[in-house]
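Take a look at the chain below. We will walk through it one piece at a time.

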Amino acid sequence: MDRPRPRRHIPPFIRIIAWFEIIGGALAIVNGILLFSRGGWLLILPGAIAILGGWGLLGAKLWAYYTVLVVAALNVVIASPLLSRGRSTALFTLVVNAVILLILLSGRSRDWAASLQGKEEGGGLPTKQGPP
């Protein structure tokens with residue numbers, strides 16, 4: 001009989017970010033499809049990446065932590081000039097992604113991510129081993 005795998009502890013704030021990424025990614029894909037002829041197709045890939053990152057966070061994957069971290073940083077960089085041009089929707093993007101960055105870069109989040117390193121099958125960074 002197959003034994004159920006033990007569930008890894010995922011902090012509540014990481015779960016919230018994960019679900020936010022999944023829902024935001026799904027909305028981006030829907031908008032991309034609805035606005036396909038007007039350049040909306042550009043939203044489909046970032047939406048898929050957001051869903052993948054959120055799903056990975058729920059699965060306690062280290063690569064997902066770094067994916068969401070990089071995507072949030074890119075969103076802050078992209079939203080900043082848009083905000084200066086008077087795009088009010090960029091304010092929401094800027095604030096939400098800045099909060100995500102602050103949470104992911106907090107000590108508790110970094111400790112959680114460090115606990116994942118080496119626990120993934122075939123993943124994580126190699127560890128230094130001493131002589132035999």
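**Where two helices cross**

The axes of H1 and H4 cross at roughly 145° and come within 11 Å. This is a predicted model, and every value here was computed from it. Why quote an angle and a distance? Two packed helices are described by the angle between their axes and the distance between the axes. The crossing of H1 past H4 is left-handed.

Now look at the side chains. H1 brings Phe 13, Ile 14, Ile 17, Phe 20 and Glu 21 to the contact. H4 brings Val 96, Ile 100, Ile 103 and Leu 104. Of the residues in this contact, eight are nonpolar, none is polar and one is charged.

Pick out Ile 103, which lies in helix H4. Its relative accessibility is 26%, so Ile 103 counts as partly exposed; buried would need under 20%. Beyond its sequence neighbours up to four places away, Ile 103 touches Phe 13, Ile 17 and Ser 109. Leu 69 is 34 residues from Ile 103 in sequence, yet the two C-alpha atoms are 9.7 Å apart in space.

Follow the contact to Ser 109. This residue sits in helix H5, which covers residues 107-116. Is Ser 109 buried or exposed? Ser 109 counts as buried, because its relative accessibility is 0%. Leaving out residues up to four places away in sequence, Ser 109 touches Phe 13, Ile 14, Tyr 65, Ile 103 and Leu 104.

Tyr 65 leads us to H3, as it is one of the buried residues of that helix. Helix H3 spans residues 62-84, 23 residues in total. From first C-alpha to last, H3 reaches 34 Å, close to the expected 33 Å. The other buried residues of H3 are Leu 62, Ala 64, Val 68, Leu 69, Ala 72, Val 76 and Ala 79. Several of these numbers are three or four apart. An α-helix has 3.6 residues a turn, so residues three or four places apart point the same way. What do the buried residues of H3 pack against? They pack against helices H1, H2, H4 and H5. Just after H3, Gly 86 takes a positive phi of about 90°.

Finally, check the confidence. The chain averages a pLDDT of 84, and 84% of the residues score at least 70. Among the elements of the chain, H2 has the highest mean pLDDT, 94, and H3 the lowest, 90. Over residues 122-128, pLDDT stays under 50. The model has four contacts beyond four places in sequence for that stretch. Where pLDDT is low, the predicted coordinates should not be read in detail.

How values were computed
Residues numbered from 1 in each chain as written. Predicted model: local features only at pLDDT ≥ 70, side-chain atom pairs only at ≥ 80, totals over all residues. Heavy atoms only, no water. Buried < 20%, exposed > 50% of the residue type's maximum accessible area, 1.4 Å probe, protein only. Contact = heavy atoms within 4.5 Å. Expected span 1.5 Å × (residues − 1). pLDDT = per-residue confidence, 0-100. Axes fitted to C-alpha atoms, helices over the stretch in contact; angles between N-to-C directions. Left-handed = near helix turned anticlockwise from the far one by under 90°. Nonpolar A, V, L, I, M, F, W, Y, C, P; charged D, E, K, R; others polar.
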